[in-house]
Amino acid sequence: MANKGFGEVIGLFLAVAFCITCPEYVSSAQRELGKGSPTNTSATSPPAADNVIRSGVVVDTPRPTPRTGPYFDLAASKNVTALLGKTAYLNCRVKNLGNKTLNMQVSWVRHRDIHLLTVGRYTYTSDQRFRAIHLPHSEDWTLQIKYPQHRDSGIYECQISTTPHMSHFIHLNVVEPTTEIIGGPDLYIDRGSTINLTCVVLYSPEPPAYIFWNHNDAIISYDSPRGGVSVVTEKGETTTSFLLIQQARPSDSGNYQCNPSNAQSKSVVVHVLNGEYPAAMQRGGQAFAPTSTHCIVLATSIFLALS
């Protein structure tokens, strides 16, 4: 029994000693196992600039590589809408052409008839409306077209003489602005109402620089002694000009003409009446036409007058 009690004391002593030395043993073992392996990064630490460590595996992140050959800058080589008769410029920007200009040329080809127009800075067409424009050390290769017509609309190819050649297509749209006056060609206004003439300029690549209004071939003066005459013009993709004449009187009757700076003029004939009700009439600047109710009332009045 004494031997048994002495053994239990020795076992208890060894257990306590193992518990005291165990953490140091485990830490030492972890340090030995950690040699030669990558250190784990915390969740909050940023990844390395050149690679990302995932589960002990190094994964290279892709790096942008510079282009070695010429390419088109699409942001500076867009489709063009040109005004009829006004000079058009088709731009083609070629990046990274460098000193290869002597060996590589930038050309313009018209697709309608597969006609070579320009090569480099030289023009290869007898049509003198076309011209190649390129400034030294510039990346822009521009095709100039003077006095463009509707037949010039279509696709033009900017081409680099690589092997195989590289192409970028630009569409030219030649438009002719049109002018409309809402409610024309005749407007009937009740005396004392406000004349409201609305002129709209459509299909214009740029707003007109100005819009003049004429009355019976004379330019309307907005500070004339008559007074009550004003113009409001709203410019944009569609430009609208409003001519307002308050307290309409018979002398305001006549031909009114809207004259935009970049489009054909348009006319309307205004009739200021004293209580008459023609087929189409404006009341306070709005169109007015007799309804079926008016016709019934008028027919009833005539019937009673004749009975």
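# Exercises: a cavity, a strand and a sheet

By the rule used here, the count comes to 1 cavity of 30 Å³ or more. (A cavity is a set of points, on a 1 Å grid over the protein atoms alone, where a 1.4 Å probe fits but cannot get out.) This is a predicted model, where local features need pLDDT of at least 70, side-chain atom pairs count only at pLDDT 80 or more, and totals for chains, interfaces and linings use all residues. Residues are numbered from 1 along each chain as its sequence is written, and side-chain values use heavy atoms, with hydrogens and water left out.

## Exercise 1

Find the residues that line the largest cavity.

**Solution.** Start with the volume, which is about 30 Å³ for the largest cavity; a volume is the space filled by probe spheres set on the points, which are joined across faces, edges and corners. Next, look for lining residues, those with an atom within 4 Å of a point. They are Val106, Trp108, Thr118, Gly120, Ala132, Ile133, Trp141 and Thr142. Finally, match them to elements: β6 (106-110), β9 (130-133) and β10 (140-145) each give two or more residues to this lining. (Strands are DSSP runs of E, at least two residues, numbered from the N terminus.)

## Exercise 2

Work out which strands pair with β20.

**Solution.** First locate strand β20 at residues 254-260, where 5 of the 7 residues are buried (under 20% relative accessible area, 1.4 Å probe, protein chains only). Two strands pair if DSSP finds at least two bridges between them. On one hand, strand β16 (residues 211-215) runs antiparallel to β20 and is joined to it by 5 bridges; here histidine 215 has tyrosine 256 as its bridge partner. On the other, strand β21 (residues 266-273) pairs with β20 in the antiparallel sense, also over 5 bridges, and cysteine 258 stands opposite lysine 266. To finish, follow the chain from β20 to β21: a hairpin joins them through 5 residues.

## Exercise 3

Explain why β3 and β9 each have one side without a neighbour in their sheet.

**Solution.** Begin with the strand order, β3-β5-β10-β9, in an open sheet of 4 strands with antiparallel pairing. β3 (71-72) and β9 stand at the edges, each with a single partner strand, so one side of each has no neighbour in the sheet. Now zoom in on β3: its pairing with strand β5 (residues 88-95) is antiparallel, over 2 bridges. One bridge partner to look for is valine 94 in β5, across from phenylalanine 72.

Notes: On a 1 Å grid over the protein atoms alone, a cavity is a set of points where a 1.4 Å probe fits but cannot get out, and a pocket is an open set with protein on both sides within 12 Å along at least five of seven lines; lining residues have an atom within 4 Å of a point.
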